[in-house]
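Biologist: I would like to go through a model and learn how to read its features one at a time. Where should we begin?

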Amino acid sequence: MTLSIATWNVNSIKARLPNVLEWLGEAKPDIACLQEIKCQDEGFPREEIERLGYNIETVGQKSYNGVALLSRFPIEEVAERALPGGNGEEEQARYIEVVISAPGGPVRVASIYLPNGNPAPGPKYDYKLEWMARLHAHAAKLLAYEEPLVLAGDYNVIPRDADVHDPAAWEGDALTLPASRDAFFALQWLGLTEAFQHLDGRAHQYTFWDYQAGAWQKNNGIRIDHLLCSPQAADRLKSIEIHKDVRGKEKASDHVPVVGTFDL
DNA sequence: ATGGTCGACTCTCGA
């Protein structure tokens, strides 16, 4: 039994609905983690997506951020609607974690929109690092369950120089700063496996191309959308694919889907 | 080439 889990920063679900429906219809992921839905829960186009056979949970926010989780299989529990460890009130909509009743057994999946952090240094960068520290603490707790777990999303971290077209152009950016990379690798040292590097690892395989300056046409991209897997998920990971062609469509998001398949 | 991309929204910010 194969289970496919995708992540895609759609950059507004309303602006992207035709693209999202087309892609879901073709790729047919079992589970899809969406980021930057940029709408409140009541504004999410549920019916159109439910019609394709998905159960839906959202954590929305007006104008900015917002995450969603789509699943062909029942969502038996919404474990978290925010990343634990925050101080509540000004919480941004960047995290949802669910337990899905997949045919091969339960799988815990989170849709993650990690703060961008620019400009760095500054309060936005501090918030990014604080958020990553909270994610580290929460992931440590989840790993103790020793269950299949996939933390999928826009991490806003370029792991290696090989994951950016021009490392010099990104020097000093919050997506490549050593503290950002250190925090990202600290998640892996906990025991999480980054699916792309584990199975593929090729240089210059990107998941984001800026709208500006002809970045897509010049293939000036970066790889910032990742699947992090617990040992119980990584052991069953069979493939990882970046759906690059999606970036070339009309009205494309600046990110493309990344899809992992598992024998689960 | 005196602009340069998009999306949400009140007009300017975030990415």
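## Reading the cavity, the strands and the DNA surface

Modeller: The model is predicted. The largest cavity is lined by Glu-194, Phe-196, Thr-207, Arg-223, Asp-225, His-226, Leu-227, Ile-240, Ile-242 and Val-258. The elements giving two or more residues to this lining are S12 and strand S13 (237-242).

Biologist: Which element gives the most to the lining of the largest cavity?

Modeller: S12 does, with three residues. Sorted by class, the lining holds five nonpolar, two polar and three charged residues.

Biologist: How is such empty space found in general, and how many cavities of 30 Å³ or more are there here?

Modeller: A probe the size of a water molecule is rolled over the atoms, and this shows where empty space is left. Here the count is one cavity of 30 Å³ or more. The space in the largest cavity is about 30 Å³.

Biologist: What is the volume of the largest pocket, and which residues lie nearest its centre?

Modeller: The volume of the largest pocket is about 580 Å³. Its lining has 26 residues, and Glu-36, Arg-94, Tyr-113, Asn-116 and Asn-156 lie nearest the centre. By class, the lining of the largest pocket comprises nine nonpolar, nine polar and eight charged residues.

Biologist: S12 was named in the cavity lining. Where does S12 stand in the sheet order?

Modeller: The open sheet has six strands in the order S5-S6-S7-S8-S12-S9, with mixed pairing. S12 therefore has to be read between S8 and S9 in that order. At the edges are strand S5 (75-80) and strand S9 (193-194), each of which pairs on one side only.

Biologist: In which sense do S8 and S12 pair, parallel or antiparallel?

Modeller: Strand S8 (residues 149-154) and strand S12 (residues 225-229) are antiparallel, with five bridges. To locate the pairing on screen, start from Gly-153, whose bridge partner in S12 is His-226. His-226 is also one of the residues that line the largest cavity.

Biologist: And which strand pairs with S2, in what sense?

Modeller: Strand S1 (residues 2-9) pairs with S2 in the parallel sense, over five bridges. Within that pair, Thr-7 stands opposite Cys-33 in S2.

Biologist: How should I read burial along S2: how many of its residues are buried?

Modeller: A residue is called buried when its relative accessible area is under 20%. In strand S2 (residues 31-35), five of its five residues are buried. Take the two faces in turn: Ile-31, Cys-33 and Gln-35 are buried on one side, and Ala-32 and Leu-34 are buried on the other.

Biologist: Now the backbone. What should I look for in phi angles and peptide bonds?

Modeller: Most residues other than glycine have a negative phi, and most peptide bonds are trans. Residues that depart from this are worth listing. Ser-63, which is not a glycine, has a positive phi of about 75°, and Asn-65, also not a glycine, has a positive phi of about 60°. Ser-63 sits in the loop between strand S3 (55-59) and strand S4 (67-71), and Asn-65 is in the loop between S3 and S4 as well.

Biologist: Are Ser-63 and Asn-65 to be classed as buried, partly exposed or exposed?

Modeller: Ser-63 counts as partly exposed because its relative accessibility is 39%. Asn-65 has 7% relative accessibility, so it counts as buried.

Biologist: Where are the cis peptide bonds?

Modeller: One joins Asn-118 and Pro-119, with omega about 0°. Another joins Ala-120 and Pro-121, with omega about -5°. Pro-119 belongs to the loop between strand S7 (105-113) and helix H3 (123-143), and Pro-121 is in the loop between S7 and H3 too.

Biologist: Ser-63 brings me to the DNA. How many residues surround DNA strand B, and which are closest?

Modeller: There are 14 residues around DNA strand B, the closest being Ser-12, Arg-16, Lys-62, Ser-63 and Tyr-211. Of the atoms of DNA strand B that come within 4 Å of the protein, 79% belong to sugar and phosphate. The residues of this surface comprise four nonpolar, five polar and five charged.

Biologist: Which polar atoms should I inspect there?

Modeller: For Arg-16, a polar side-chain atom lies 3.2 Å from a phosphate oxygen of DNA strand B. For Lys-124, a side-chain N or O atom is 3.4 Å from a sugar or linking oxygen of the strand. For Tyr-211, a polar backbone atom is 3.1 Å from a sugar or linking oxygen of DNA strand B.

Definitions and conventions. Residues are numbered from 1 along each chain as its sequence is written. Chains are lettered from A and ligands numbered from 1 in the order in which they are written. This is a predicted model: local features need pLDDT of at least 70, side-chain atom pairs count only at pLDDT 80 or more; totals for chains, interfaces and linings use all residues. Side-chain values use heavy atoms; hydrogens and water are left out. A residue is near a molecule or strand if one of its heavy atoms lies within 4 Å of it. A polar contact is a pair of N or O atoms within 3.5 Å; within protein, one must be able to donate a hydrogen and the other to accept it, and residues adjacent in sequence count only if both atoms are side-chain atoms. Ala, Val, Leu, Ile, Met, Phe, Trp, Tyr, Cys and Pro count as nonpolar, Asp, Glu, Lys and Arg as charged, and the others, Gly among them, as polar. Helices (H or I, at least four residues) and strands (E, at least two) are DSSP runs, numbered from the N terminus. Buried means under 20% relative accessible area, exposed over 50%, partly exposed in between (1.4 Å probe, protein chains only). On a 1 Å grid over the protein atoms alone, a cavity is a set of points where a 1.4 Å probe fits but cannot get out, and a pocket is an open set with protein on both sides within 12 Å along at least five of seven lines; lining residues have an atom within 4 Å of a point. Grid points are joined across faces, edges and corners, and a volume is the space filled by probe spheres set on the points. Two strands pair if DSSP finds at least two bridges between them.
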